[in-house]
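Colleague: Got a minute to go through this model with me? I'd like to start with how the helices pack.

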Amino acid sequence: MSRTSYDRYLTVFSPEGRLYQVEYAFKAISGSGHTAIAIRGKDTSVVLTQKKVPDKLLDASTITHLFSITPSIGCVMTGLIADARAQVMRARSEAAEFRHKYGYEISPEALARRLANINQVYTQRAAMRPLGISMILIGTDEDFGPQCFKLDPAGYFVGFHATAAGQKQQEAMNHLEKKWKKLDGGAGSDDPVQAGKTLGRAEAIEMAIEAISTVYSQDFKAGEIEIGIVSTSEEEDEKTRGKWRVMNVAEVETHLLAYAEKD
């Protein structure tokens, strides 16, 4: 039996123990042409992704990969955008149901776990294909501070200090690992948790900008990237402190200039 016979069905393992349809879902993410970066600092979680407008006649304000789920949790989606919207709607529904049932907002970890469980079911039932997207959730937790979780189509989720998804995922991860090792006076690899606590709001944003600029070897304009943030820092406006929001173009421009001057 050839490989093509094993990749026709989602639920059939190949002799090597592989599920080809699930692997193809991962290829849909890397083939999307976008890269997303997420970084967690001492009081801030930030996500950054490219914003590509394929046609001059499109309204650029309607194109986004950043979505709000609850007032304090947001996400960046990489992969097939139609699948992403379906996943976001399910995430909002789960978060709303949790709040209605228990009377308080769901934590980022509980939401990531629930969505990962749903994704895993899609890999073992023939009724539905896996979603071709990688979701990076950020938010703030009352007990643990800023949070960052990445989910994949196989139903695996894990927390990160810094991560990437999409076309240049590996290059971005390598860059972030090198930067993390240099934090806290070069002790980042020995104690990554402590190293993350040295990253303030501005530093986390600039590290994300540096990562995407380095892997693509270009300087981005404010309209070519979008940044989502959840921060409890004193630098954050009091009205939006601890809340998910997407930065406007002027604010992105400010951070791009700050990074360019530092560089």
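Modeller: Helices α7 and α8 are roughly perpendicular to each other. Bear in mind that this is a predicted model.

Colleague: At what angle do the axes of α7 and α8 cross, and within what distance do they come?

Modeller: The crossing is at roughly 75 degrees, and the axes come within 10 Å. Helix α7 covers residues 201-216, and α8 covers residues 249-262.

Colleague: Which residues make the contact?

Modeller: From α7, they are Arg201, Ile205, Glu206, Ile209, Glu210 and Ser213. The α8 side has Glu251, His255, Leu256, Ala258, Tyr259 and Lys262.

Colleague: And how does the contact of α7 with α8 split by class?

Modeller: There are 5 nonpolar, 5 charged and 2 polar residues in it.

Colleague: Next, the backbone. What is phi of serine 217?

Modeller: Phi there is near 50 degrees, which is a positive value in a residue other than glycine.

Colleague: Where is serine 217, and is it buried or exposed?

Modeller: Serine 217 sits in the loop between α7 and β9 (225-231). It is exposed, at 65% relative accessible area.

Colleague: Changing topic: how many disulfides does the structure hold?

Modeller: The count is 0.

Colleague: Why no bond for cysteine 75?

Modeller: Because the closest cysteine sulfur, in cysteine 148, is 12 Å from the sulfur of cysteine 75, too far for a bond. A disulfide needs the two sulfur atoms within 2.5 Å.

Colleague: Are those two cysteines buried or exposed?

Modeller: Cysteine 75 counts as buried, with 0% relative accessibility. Cysteine 148 counts as buried too, at 1%.

How values were computed:
Residues numbered from 1 in each chain as written. Predicted model: local features only at pLDDT ≥ 70, side-chain atom pairs only at ≥ 80, totals over all residues. Heavy atoms only, no water. Buried < 20%, exposed > 50% of the residue type's maximum accessible area, 1.4 Å probe, protein only. Axes fitted to C-alpha atoms, helices over the stretch in contact; angles between N-to-C directions. Helix = DSSP H or I, 4+ residues; strand = E, 2+ residues; numbered from the N terminus. Parallel < 35°, antiparallel > 145°, perpendicular 65-115°, else oblique. Contact = heavy atoms within 4.5 Å. Nonpolar A, V, L, I, M, F, W, Y, C, P; charged D, E, K, R; others polar.
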